Amino acid sequence: MTYLGHPDRNVLLIGTAHVSKRSADEVRKAIENFKPDCVMIELCQGRVNKLRQQQHVPDISVEGVMRSLASRGPEGIMQMLSKGPMGLAGEMQALMGGGQGQGGGQSQAGLGAMGSEFIAAIEAAESLRIPVIPGDVPQEEILKGCVNGLFEVSLPTLLSKLASGGDMLKEMMQSMQSPTSMEQHVESMKTRKRAEQASNSMKEFLPGVHRVLVAGRDEHMVTVLRDLPAHHKTVVAVVGMGHMAGMEEEWKLKMANHRLPSNPGP
C-alpha cells in the first residue's frame, strides 16, 4: 500500500491480487485502522451489483487475462491465436462476459474467490457507515476497447512474441500444475515488481489491450478520486496491484496544480 498525498485529500492506495486469500483480511484491517471518509473500489457499478447478488464477477486485470491464457496451455494458446483477432476476442468475451469462473463467492483450488477483497472493503465501509464509490470503467466499455485493441497486432507478430518472450505465461502454466504452486504464484503477484512484470508482458504482446485494460483505467480511477466531494478528505482506494504504479503517476499529473472546490458536495 502507499499514500497519494495532496493538501486537500489523502488517499491510502491498497494494491491486491484479486484472487488472493490474504488480500481480503489486509483490506478490512486497513479500512478499520485508517477510518476514511469513503472507500473507492476497482469495480464499476454493474460489477458491484453482481458482487452484492453473489453473481460471477470477472477478473478484468492483466493477471486475470494472462491466467486465462495460461490455463489453456501452449497448444490451446496456439490454437486460439490461429483463429486470429476473432479468436482472441472470443477469449476476452469469455473472460469478461460472466459465466463460469472464480467469482460470485466461488473459488478455484488454491485461490480465493474473485472479489473477496472488494466484499471485505464494502463490509468494512458499511460497518463504519461511510460510502463505497465504484471507481472503474464500465465492464462493457472495457470489453469493447480490448476487442478493438486486439486488431492492432497481426497474428504473425503475436506468434513471434509468444515464442520469444512468453516467460510470464510459461510460469503461470507451471504454477497451475497444483493448487499449492498456484496459490504461491498468486501471492507473489502482490509484489509491485511482479505485477509490473505482468503488465509489461501484456504491453509487449497486446499493447492495444494494455492501453485499455491498464493505462486507461488508471487515468479513470484517479479522475474519480480527484472529483470526489470536497468533504472526503481521507479515502481508501482498493485496486489491483497492477494499477499502483500507473495511478501514482496519474495522481502526480492530475493533482500537481489542482485544488478541490470549496463546495462540500452532497
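Let's start with helix α11, which has 14 residues and reaches 20 Å from its first C-alpha to its last, close to the 20 Å expected at 1.5 Å a residue. Keep in mind as you look around that this is a predicted model. Within α11, the residues Arg194, Ala195, Ala198, Ser199, Ser201, Met202 and Phe205 are buried. These residues lie on the same side of α11, because they cover an arc of only 155° around the axis.

Helix α11 also leads us to a pocket. The second largest pocket has a volume of about 230 Å³. It is lined by 15 residues, and those closest to its centre are Ser199, His210, Val214, Asp218 and Gly246. Which elements give two or more residues to this lining? They are α11 (192-205), α12 (207-226) and α13 (244-255). The most comes from α11, with six residues. By class, the lining is made up of five nonpolar, five polar and five charged residues.

Next, the charged pairs. Side chains of opposite charge can pair when their charged atoms come close. The structure holds eight salt bridges, and the table shows some of them.

| Salt bridge | N to O distance |
|---|---|
| Glutamate 123 and arginine 28 | 3.2 Å |
| Glutamate 42 and arginine 217 | 2.8 Å |
| Lysine 252 and glutamate 249 | 3.7 Å |

The pair of glutamate 123 and arginine 28 links distant parts of the chain, 95 residues apart: glutamate 123 sits in helix α6 (residues 116-128) and arginine 28 in helix α1 (residues 23-34). Glutamate 123 is partly exposed, at 39% relative accessibility, and arginine 28 is partly exposed too, at 28%.

Is glutamate 42 buried or exposed? With 2% relative accessibility, glutamate 42 counts as buried, and its partner arginine 217 is buried as well, at 1%. Glutamate 42 and arginine 217 belong to a network of salt bridges that also links Arg47 and Asp136.

In helix α13, lysine 252 and glutamate 249 are separated by about one helical turn, because they are three residues apart. Here lysine 252 is exposed, at 54% relative accessibility, whereas glutamate 249 is partly exposed, at 45%.

One last stop is glycine 46, found in helix α2 (residues 45-52). Glycine 46 counts as partly exposed, with 38% relative accessibility. Its C-alpha atom is separated by 9.5 Å from that of glutamate 140, although the two residues are 94 residues apart along the chain.

Notes: Residues are numbered from 1 along each chain as its sequence is written. This is a predicted model: local features need pLDDT of at least 70, side-chain atom pairs count only at pLDDT 80 or more; totals for chains, interfaces and linings use all residues. Side-chain values use heavy atoms; hydrogens and water are left out. On a 1 Å grid over the protein atoms alone, a cavity is a set of points where a 1.4 Å probe fits but cannot get out, and a pocket is an open set with protein on both sides within 12 Å along at least five of seven lines; lining residues have an atom within 4 Å of a point. Grid points are joined across faces, edges and corners, and a volume is the space filled by probe spheres set on the points. Helices (H or I, at least four residues) and strands (E, at least two) are DSSP runs, numbered from the N terminus. Ala, Val, Leu, Ile, Met, Phe, Trp, Tyr, Cys and Pro count as nonpolar, Asp, Glu, Lys and Arg as charged, and the others, Gly among them, as polar. The expected span of a helix is 1.5 Å times one less than its number of residues. Buried means under 20% relative accessible area, exposed over 50%, partly exposed in between (1.4 Å probe, protein chains only). The arc is that of the directions from the helix axis to the C-beta atoms. A salt bridge is a side-chain nitrogen of Lys or Arg within 4 Å of a carboxyl oxygen of Asp or Glu.
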